[in-house]
Amino acid sequence: MTAVDERGMTKFFEEFEPPEGVRVELLRGVIVMMASPDLVHNLIVLLTERQIPLDHWYPLQTQDVDIVDEASEPVPDLVVVAPEVLPASGRLLTSGLITMVVEVVSKTSVERDYGVKRSIYAAGQVPAYLVIDPIMGQCVLLTNPVGRGEAADYRQQYIVKFGEPLPVDILGIELDTSEFRTFPNVRPHRYP
């Protein structure tokens, strides 16, 4: 896709109104629509959000993220940002202001969450990307982003199984994963 086409797609995406109950993201010029999430997904987001100390961080749900130099506007399950850097208003939050993004894997988002979004968040220089995976029963914390565009990635990866604590040094917390549930009757995948 050419740069002109990507800008056109971005403009279309800004004006697009999805049907009720449908979440929409722009990922490298591709519009991705998803149904409302599963209860397991929502509970994991809630349990994660409750552990982030509000005196230092704001965990924001459904916040559109502007990835500089990308035709991407992902909508992570959680965006963690220091309150003092937040703009007064706006739909898009620039990736350079974000400390951590959190994605909870769904049955249909495995490749996006482990693949394209990993690269997009690294390209946006988001310092930490946490993938919480109720299919595999694990959390994958990615840190130290490097590179640009589709070649961007994270240098460090730390994996814990549900039930084990996850040190999230960038936030100064240890995430309790003991109450995270898994999806029943779902085939395992091959990521990360």
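In this predicted model, the charged end of Lys 107 sits over the ring of Phe 183, at 5.3 Å from the ring's centre. That contact between a charge and a ring is a good place to start a tour of the aromatic side chains.

Four aromatic pairs are counted in the model. In one of them, the ring centres of Tyr 114 and Tyr 191 are 5.4 Å apart and the planes meet at 10 degrees; planes under 30 degrees apart count as stacked, so this pair is stacked. The two partners come from distant parts of the chain, 77 residues apart: Tyr 114 belongs to helix H3, and Tyr 191 to the segment after strand E12 (173-175). Tyr 114 is buried, with a relative accessible area of 6%, while Tyr 191, at 31%, is partly exposed. Another pair, Tyr 129 and Tyr 154, has ring centres 6.3 Å apart and planes at 40 degrees, so it is tilted. Because Tyr 129 lies in strand E8 and Tyr 154 in strand E10, this pair ties together parts that are 25 residues apart in sequence. Both Tyr 129 and Tyr 154 are buried, and ring pairs join them with Tyr 121 into a cluster.

Strands E8 and E10 lead on to the sheet. Six strands form an open sheet in the order E3-E5-E7-E8-E9-E10, and their pairing is mixed. Strands E3 (58-60) and E10 (153-161) stand at the edges with a single partner strand each, so one side of each has no neighbour in the sheet. From one strand to the next, the twist averages 20 degrees. Strands of a sheet pair through backbone hydrogen bonds, either parallel or antiparallel.

Following the order from E3, this strand pairs with E5 in the antiparallel sense over three bridges, with Leu 60 facing Val 79 of E5 as its bridge partner. E5 and E7 also run antiparallel, joined by four bridges; here Val 81 has Ile 98 in E7 as its bridge partner. E7 (residues 98-104) and E8 (residues 128-133), by contrast, pair in the parallel sense over five bridges, and Val 101 is matched with Tyr 129 in E8.

Within E5 (residues 78-81), Leu 78 and Val 80 point one way and Val 79 and Val 81 the other, and all are buried. Leu 78 is also among the contacts of Thr 48, together with Ile 132, Leu 175 and Phe 180, once neighbours within four places in sequence are set aside. Thr 48 lies in helix H2 (residues 39-50) and counts as buried because its relative accessibility is 2%. Helix H3 (residues 110-123), the home of Tyr 114, lies across E7, E8, E9 (138-146) and E10, running at about 165 degrees to E8.

Definitions and conventions:
Residues are numbered from 1 along each chain as its sequence is written. This is a predicted model: local features need pLDDT of at least 70, side-chain atom pairs count only at pLDDT 80 or more; totals for chains, interfaces and linings use all residues. Side-chain values use heavy atoms; hydrogens and water are left out. Two strands pair if DSSP finds at least two bridges between them. Helices (H or I, at least four residues) and strands (E, at least two) are DSSP runs, numbered from the N terminus. Axes are lines fitted to C-alpha atoms, for helices over the stretch in contact, and angles run from 0 to 180 degrees between N-to-C directions. Contact means heavy atoms within 4.5 Å. Buried means under 20% relative accessible area, exposed over 50%, partly exposed in between (1.4 Å probe, protein chains only). Rings of Phe, Tyr and Trp (its six-membered ring) pair if their centres lie within 6.5 Å; planes under 30 degrees apart count as stacked, over 60 as edge-to-face and the rest as tilted. A charge sits over a ring if NZ of Lys or CZ of Arg is within 6 Å of the ring centre and within 35 degrees of the ring normal.
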